[in-house]
Amino acid sequence: MRVLVSGAGIAGLSLGLLLERRGVEVVIAERARRLEPLGHYIGLKGNGVRTVERMGLLDACRAREQRLDGVRFHTPSGRLLRENRATRLERELGGVLFFRRADLHAALHEAVAGKVELRLGTEVQALEAGPERVEVRLSDGRSEAFDALIGADGVRSPTRARVFGSGHEVPLGGRYIALTVEVDHGLDPRFVAAYLGRGQMVGLIPIGPRVASPFVYHADGGEQPASRSAADVRDFLLRACGDFGAPVRRTFEAIDASSYVFTDSITMVRPPRIVKGRVALLGDAAACPTFLSGMGSALALQGAYHLARALEEHPGDVPAALLRYEAGIRPIAARYQQSAWKMRGFVLGRSRVRAAVRDAALAWMPDRLFVREAQRFYAAERAASPA
Ligand SMILES: Cc1cc2nc3c(=O)[nH]c(=O)nc-3n(C[C@H](O)[C@H](O)[C@H](O)COP(=O)(O)OP(=O)(O)OC[C@H]3O[C@@H](n4cnc5c(N)ncnc54)[C@H](O)[C@@H]3O)c2cc1C
């Protein structure tokens, strides 16, 4: 069997690795000319951790993880609302791996290097999906036939647009920004500090005493950055977060031209189908649950795992395997998306009353209840754990 994967992100590399181990010939076409260590901190939980374990990558990921003692929630001005310890959450959620998206990407890249044909600077230019084969023309000039085409090319997937049409992106009304900055932040280096405003949340992840990795959720309707450049994002953050306390402002002031900024709108992807004949979508391309779910990378890993298993179980019938994959992954994606909708009100809501209720709940909720809420938020994972 010969499979073409469009996109060498988390989903594409994971699928390449899992298929190669099952003896499938895989070609990955990646638009970027180089695989660079891009992306900021992500937290894999429960099934995400179990999936990297099944892939044999747990040690490679643990070697790269950032250990922290927990999270402290504050008002924008810095009043402490709550402190949560990581150990208990880790236990109750079935494991947590906190590291950079770039670290997960690097661990996957290392694992596939030399085993899977990775064509950088290459994308699909035209395709014809027939009942027996998918014929593609690639930007490197080659025309080839494959048994299946998997679109793992991200939230704005060109494969999705080509095969499933447009209009499947649902903006949730906000922007996500993540960056890394050299700064004497003055924070306790053992805790993530999260500052909750109205329609805004700023998280500061201390990486030792002199580096911070901030992440920001910002509701639409007010200020917007003039461009994605570090300078414009810095100016925007300083304007938009004027009422946040000293650690936040100090961190934003330290953003300079060398800071790598990741920013995108918070957009959910919800096409009615993710499989058509011999073409399937995977990861964000299929069902981006947004940054608000905290489950984008876990879903990409789980999707790759489900897809590889389905192809293994239906070796002579690719369309049946893809339908099996679709039936398995869609309910999982739908539950992560439900969680993201819930989180939307909590983080992007601008209502003063709602923010006051949220802050009071954070301040007074007993630990046992908080953990139960967190478990419920991620419950989709345990219920949907692949066998
Ligand atoms: C550079 C980058 C940085 C990121 N940083 C963060 C972060 O800091 N925090 C966070 O929460 N999430 C981040 N993400 C998103 C996160 O990786 C995904 O939401 C999640 O892991 C799902 O993975 P995915 O493989 O489906 O999509 P992605 O990881 O987005 O991967 C999609 C891949 O497809 C490639 N591609 C796009 N179009 C084409 C095409 N036409 N042909 C071939 N290849 C194509 C892209 O270059 C990319 O490599 C980042 C994504 C990228 C690409």
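A residue is counted as near a molecule if one of its heavy atoms lies within 4 Å of it. The legends below describe a predicted model.

**Figure 1. Residues around the ligand.** The ligand is surrounded by 29 residues, of which Ala-11, Glu-30, His-40, Arg-101 and Asp-284 come nearest. Sorted by class, this shell holds 13 nonpolar, 10 polar and six charged residues. Helix α1 (10-21), strand β2 (25-30) and helix α10 each provide at least two residues of the shell. The most come from α10, which gives three residues.

**Figure 2. Polar contacts of the ligand.** The side chain of Asp-284 places an N or O atom 2.5 Å from an oxygen atom of the ligand. At His-40, a backbone N or O atom is 2.6 Å from an oxygen atom of the ligand. For Arg-31, a polar backbone atom lies 3.1 Å from a nitrogen atom of the ligand. The ligand taken alone exposes 920 Å², and the protein buries 87% of that.

**Figure 3. Helix α10.** This helix covers residues 296-313, 18 residues in total. From first C-alpha to last, α10 reaches 26 Å, close to the 26 Å expected at 1.5 Å a residue. Helix α10 is mostly covered, with 14 of its 18 residues buried. It also contributes three residues to the shell around the ligand.

**Figure 4. Two cysteines.** Cys-61 is buried, with a relative accessible area of 0%. Cys-241 is likewise buried, at 1% relative accessible area. A disulfide is a covalent bond between the sulfur atoms of two cysteines. With a cut-off of 2.5 Å between cysteine sulfur atoms, the model has zero disulfides.

Definitions and conventions: Residues are numbered from 1 along each chain as its sequence is written. This is a predicted model: local features need pLDDT of at least 70, side-chain atom pairs count only at pLDDT 80 or more; totals for chains, interfaces and linings use all residues. Side-chain values use heavy atoms; hydrogens and water are left out. Helices (H or I, at least four residues) and strands (E, at least two) are DSSP runs, numbered from the N terminus. The expected span of a helix is 1.5 Å times one less than its number of residues. Buried means under 20% relative accessible area, exposed over 50%, partly exposed in between (1.4 Å probe, protein chains only). A polar contact is a pair of N or O atoms within 3.5 Å; within protein, one must be able to donate a hydrogen and the other to accept it, and residues adjacent in sequence count only if both atoms are side-chain atoms. Accessible areas come from the Shrake-Rupley method with a 1.4 Å probe; for residues, only the protein chains shown count as cover. Ala, Val, Leu, Ile, Met, Phe, Trp, Tyr, Cys and Pro count as nonpolar, Asp, Glu, Lys and Arg as charged, and the others, Gly among them, as polar.
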